[in-house]
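Here is a short report on one protein model. Look at the sequence and the structure first, then read on.

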Amino acid sequence: QVRLVESGGGLVQAGGSLRLSCAASGSIFSINAMGWYRQAPGKQRELVATITNGGSTNYADSVKGRFTISRDNAKNTVYLQMNLLKPEDTAVYYCNADIQRRSWLAPAEYWGQGTQVTVSS
């Protein structure tokens with residue numbers, strides 16, 4: 001089995017920073033893209049940022065210049081550094097990864113359980 005475990009969420013004042021981590025573990029042959037999504041109450045889940053195994057990144061317009069995604073391939077871990085946080089960043093943040101469990105298997109998409117980020121005004 002494969003697990004994605006997030007950490008680093010919490011409560012922070014507007015203008016503050018948080019760093020989220022997500023570690024993949026279990027039966028893993030390779031990891032392709034990894035990313036972060038978020039879901040605010042009453043809203044659909046939305047893309048925050050993604051990163052390929054080669055390091056190419058993509059960001060939602062709403063977080064460009066404030067958030068930075070990175071990964072440590074040796075640790076199967078992806079990070080999200082969030083600076084200049086705003087109340088509208090409040091959401092449950094989910095880790096996502098495209099993981100190939102065996103060389104002969106097609107990659108599959110996996111999700112973490114989510115971590116709450118709350119930004120107070």
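## The four-strand sheet

Strands β3 and β8 pair in the antiparallel sense, with six bridges between them. The model is predicted. One of the pairings can be placed exactly: A23 has T77 in β8 as its bridge partner. Strand β3 covers residues 18–26, and strand β8 covers residues 77–82.

Both strands belong to an open sheet of four, in the order β1-β3-β8-β7, with antiparallel pairing. The edges are β1 (2–7) and β7 (67–72), and each of these pairs on one side only. Neighbouring strands in this sheet are turned against each other by 15 degrees on average, direction ignored.

## The two edge strands

How many bridges hold β1 to β3? Six, and the two strands pair in the antiparallel sense. Here S7 stands opposite S21 in β3.

On the other edge, β7 and β8 are also antiparallel and share six bridges. I69 faces L80 of β8 across this pairing. The two strands form a hairpin with four residues between them. In that hairpin N76 takes a positive phi near 50 degrees.

## Strand β8 and L80

Is β8 mostly covered or mostly open? Mostly covered: five of its six residues are buried. L80 sits in this strand. Its relative accessibility is 0%, so L80 counts as buried.

Which residues surround L80? Leaving aside neighbours within four places in sequence, L80 is in contact with L18, R19, L20, W36, V48, A49, F67, T68, I69 and Y93. Take L20 from that list. L20 and L80 are 60 residues apart in sequence, yet their C-alpha atoms are 5.0 Å apart in space.

## The nonpolar core

In soluble globular proteins, nonpolar side chains tend to be buried together. In this model the largest nonpolar core has 30 residues. Those with the most contacts inside it are W36, L80, M82 and Y93. Two of these names, W36 and Y93, also appear among the contacts of L80.

Which elements give two or more residues to this core? They are β1, β3, β4 (30–39), β5 (46–51), β7, β8, β9 and β11. The largest share comes from β9, with five residues.

## The disulfide

The structure holds one disulfide. C22 and C95 form this link, at 2.1 Å from S to S. The angle about the S-S bond is -80 degrees, and the link is left-handed. C22 lies in strand β3 and C95 in strand β9, so the pair ties together parts that are 73 residues apart in sequence.

Are the two cysteines buried or exposed? C22 is buried, with a relative accessible area of 0%. C95 is buried too, with a relative accessible area of 0%.

## Strand β11 and its partners

In a regular strand the side chains alternate between the two faces of the sheet. Strand β11 (residues 115–120) shows this alternation. T115, V117 and V119 point to one face and are buried. Q116, T118 and S120 point to the other face and are not buried.

Which strands pair with β11? Strand β2 (residues 10–13) runs parallel to β11 and is joined to β11 by four bridges. Strand β9 (residues 91–100) pairs with β11 in the antiparallel sense, over three bridges. V117 takes part in both pairings: G10 stands opposite V117, and A91 has V117 as its bridge partner.

## A loop residue: S27

S27 is found in the loop between β3 and β4. Is S27 buried or exposed? With a relative accessible area of 16%, S27 falls under the 20% cut-off, so S27 is buried.

A polar contact of 2.3 Å joins the side chains of S27 and R102. R102 is one of the residues in contact with S27 once neighbours within four places in sequence are left aside. The others are Q1, V2 and R101.

Conventions:
Residues numbered from 1 in each chain as written. Predicted model: local features only at pLDDT ≥ 70, side-chain atom pairs only at ≥ 80, totals over all residues. Heavy atoms only, no water. Buried < 20%, exposed > 50% of the residue type's maximum accessible area, 1.4 Å probe, protein only. Pairing = 2+ DSSP bridges. Axes fitted to C-alpha atoms, helices over the stretch in contact; angles between N-to-C directions. Core = buried A, V, L, I, M, F, W, Y, C linked by side-chain atoms within 4.5 Å. Contact = heavy atoms within 4.5 Å. Polar contact = N/O pair within 3.5 Å; in protein donor to acceptor, adjacent residues only side chain to side chain. Disulfide = S-S within 2.5 Å.
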